[in-house]
Amino acid sequence: MEGIKFRHLHMFVLAAETESLTAAARELGVSQPAVSQSLRELEALIGARLLERSGRRMRLTSAGQAFLGPVRRALAAVRDGVAATGDYRAGQLVPLKVGMGATACIYLIPSVLSLVRLAMPQLRVAISIGNTSDIVRHIESGELDIGLVTLPVPTNPALTSRVMLRDPLLALIPTDMALLGDAVTASQLSALPLILYDADGHTRLATDDWFRKASVVPAPVMELGSVEAIKVLVASGLGAAVLPGMALAADVPGAVRKRLRPAAHRSLGVVLRRDRTLDLGLRLFISKLESVASSAS
């Protein structure tokens, strides 16, 4: 194993993920023959074929499939080691890579980043926007340090998660469709045209669970992956929606907010790898997030 180098493993993972030697070479900024040579060297050192051509794509062999998971963890451990030394390298901190949904990025994280900047001006924070499943996958691979997502996430012994904030779900209804009272039931809401969050989103799962408990099956006329776009459509009078409370802190002209009866919420929390080193920047980010989430509860 002495001959295996970081570049061997990095090229193997990229080739496996892109299913293309050309794409892997392009991402690394090297030639395609260089990637091919590196993979041949790795297979010779391992003593097994890891990738094989299937049509125009590269496919993992059985050995390659067994090899991929441990290699991803090894590369992530190296990245963690580099990040952990960031506190000591000439006052320069490695950028903290955080994944989250767009709603949290708009309505929650700005306050957190302001506090972080006051405490540690030299820390750079790189934000990636995505859905929960993609963020969790990038955390596991080491591409992200931490995620702020809607919980729960699938059980994974390599990851740990913790609830930070319970965000109430609220109904947003066009003014000309508004019902009497300050709260609506699932039956009342389902009688209106519904514009719901995308079916793959965790916020939608919480919404569907609320309808299911009332024995109501919603039939949305539209499904979107953007809370902000849904707000615009509701305000235009096209239908009612169930949205995260943090996105409805301010009035929406043309629409009214109402509580759900019974109440419902989504849980926002952090996810990170269980073996992730909690360096200075990551500890500070979590601390300030806890502070902002506590005041928002």
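This note describes the two pockets ranked by size in a predicted model, taking the largest and then the second largest.

1. The largest pocket encloses about 420 Å³ of space. Its lining is made up of 26 residues. Those that lie nearest the centre are Gly 101, Ala 102, Gly 130, Asn 131 and Tyr 197.

2. Several elements each give two or more residues to the lining of the largest pocket. The helices are helix 5 (102-107), helix 7 (132-141), helix 9 (202-213) and helix 10 (227-235). The strands are strand 5 (146-151) and strand 12 (265-273). Helix 5 gives the most, with four residues.

3. By residue class, the lining of the largest pocket holds eleven nonpolar and eleven polar residues, along with four charged ones.

4. The second largest pocket has a volume of about 370 Å³. It is lined by 15 residues. Nearest its centre lie Val 13, Glu 17, Arg 72, Ser 141 and Glu 143.

5. Three helices each supply at least two residues of the lining of the second largest pocket: helix 1 (6-18), helix 4 (62-84) and helix 7. Helix 4 gives the most here, with five residues. Helix 7 is also among the elements that give two or more residues to the lining of the largest pocket.

6. In the second largest pocket, eight lining residues are charged, four are polar and three are nonpolar. For the largest pocket, the corresponding numbers are four charged, eleven polar and eleven nonpolar.

Conventions
Residues numbered from 1 in each chain as written. Predicted model: local features only at pLDDT ≥ 70, side-chain atom pairs only at ≥ 80, totals over all residues. Heavy atoms only, no water. 1 Å grid on protein atoms, 1.4 Å probe; cavity = no way out; pocket = protein on both sides within 12 Å on 5 of 7 lines; lining within 4 Å. Points joined across faces, edges and corners; volume = space filled by probe spheres on them. Nonpolar A, V, L, I, M, F, W, Y, C, P; charged D, E, K, R; others polar.
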